[in-house]
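Let's take a quick tour of a protein model, one topic at a time. Keep the 3D view open and turn it as you read.

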Amino acid sequence: MKTLILYHSKTGFTAQYAQWLAQDLSCACVPYKSRKAISLDTFDAIAFGSGLRAGIIPGAKWFFSQVPKLEGKRLALFFTGAMPPDPAGIERAVQQNVPPEARERVPVFYLWGGLHYEKMGFVDKAMMAAFRKMLSAKKNPTPEDQEAIRMVASSFSKAERENLRELEAYLREGK
């Protein structure tokens with residue numbers, strides 16, 4: 001099976017997962033900015049990956065615009081983020097980024113990434129500072145709020161190759 005990993009990465013977590021996938025599956029790995037140089041119809045399986053930024057998965061709209069042209073292909077979306085793998089949060093991201101008509105056709109996989117402040121631009125750093133301030137200002141913060149405050153205080157990585165198991169199995173076997 002000829003597989004393509006296509007990815008958009010801002011701070012490196014999605015790129016790391018895409019490269020691990022490409023190594024594990026012995027397949028092509030192409031950054032989003034080079035997507036016009038490849039022909040998607042030459043692949044049997046295509047996984048598109050990107051990070052979650054302010055509730056948006058950059059590049060997902062483009063990817064889902066391609067889905068109708070890729071009938072018969074095994075497709076997947078994976079996204080990375082700083083949040084722990086919480087089913088409610090993942091479902092919110094799916095609802096916001098995956099068109100209803102694609103939800104049955106394209107499985108979605110969340111891969112815990114992290115935060116890399118050193119690779120963030122001014123706007124992203126400012127957004128994170130505002131988020132930290134909002135969390136810190138809560139009266140009676142929940143244990144989850146306290147954990148979130150601790151986690152976003154500095155750069156961290158939760159990216160681990162083992163997080164790819166389900167996605168790799170799906171791309172190999174459709175399971």
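Two strands count as paired if DSSP finds at least two bridges between them. With that in mind, look at E4 and strand E5 (residues 108-112): they pair in the parallel sense over five bridges. One thing to remember throughout is that this is a predicted model.

**How the strands line up**

- Start with strand E1 (residues 3-7), which pairs with E3 in the parallel sense over five bridges. Here Leu4 has Ile46 in E3 as its bridge partner.
- Next door, strand E3 (residues 45-51) pairs with E4, again in the parallel sense, over seven bridges. You can find Ile46 opposite Leu75 in E4, and Ala45 opposite Arg74 in E4.
- How does the chain get from E3 to E4? It crosses through helix H2 (residues 60-66), and this β-α-β crossover is right-handed.
- Over at the pairing of E4 with E5, Phe78 has Phe109 in E5 as its bridge partner.
- The trip from E4 to E5 goes through helix H3 (residues 87-97), and this β-α-β crossover is right-handed too.

**What's covered up**

- Why is strand E4 (residues 74-81) largely enclosed by the rest of the structure? Seven of its eight residues are buried, so the rest of the structure largely encloses E4.
- E3 is mostly covered as well, with seven of its seven residues buried.
- In a regular strand, side chains alternate between the two faces of the sheet.
- For E3, both faces are covered. Ala45, Ala47, Gly49 and Gly51 are buried on one side, and Ile46, Phe48 and Ser50 are buried on the other.

**Aromatic rings that pair up**

- How many aromatic pairs does the structure hold? There are eight.
- One of these is Tyr17 with Trp20, an edge-to-face pair at 5.6 Å centre to centre and 80° between the planes.
- These two are three residues apart in helix H1 (residues 13-25), so about one helical turn separates Tyr17 from Trp20.
- Are they buried or exposed? Tyr17 is buried, with a relative accessible area of 0%, and Trp20 is buried, with 15%.
- Now jump to Phe109 and Tyr170: their ring centres are 6.0 Å apart and their planes are at 40°, so this pair is tilted.
- Phe109 sits in strand E5 and Tyr170 in helix H6 (residues 165-173), so the pair ties together parts that are 61 residues apart in sequence.
- Phe109 counts as buried at 12% relative accessibility, and Tyr170 counts as buried at 12%.
- There's also a cluster: ring pairs link Tyr32, Phe48, Trp62, Phe63 and Phe64.

**Out on the surface**

- Which residues make a nonpolar surface patch? Phe122, Val123 and Met127 do, and the patch is about 340 Å².
- Phe122 lies in helix H4 (residues 122-136).
- Exposed means over 50% relative accessible area. Phe122 has 71% relative accessibility, so this residue counts as exposed.

Notes. Residues numbered from 1 in each chain as written. Predicted model: local features only at pLDDT ≥ 70, side-chain atom pairs only at ≥ 80, totals over all residues. Heavy atoms only, no water. Buried < 20%, exposed > 50% of the residue type's maximum accessible area, 1.4 Å probe, protein only. Helix = DSSP H or I, 4+ residues; strand = E, 2+ residues; numbered from the N terminus. Right-handed = clockwise from strand over helix to strand, strands pointing away. Patch = residues over 30% accessible without salt bridge, like charges linked within 9 Å, V, L, I, M, F, W, Y side chains within 5 Å. Areas by Shrake-Rupley, 256 points an atom, 1.4 Å probe, with all protein chains shown as cover. Salt bridge = Lys/Arg side-chain N within 4 Å of Asp/Glu carboxyl O. Phe/Tyr/Trp six-rings, centres within 6.5 Å; stacked < 30°, edge-to-face > 60°.
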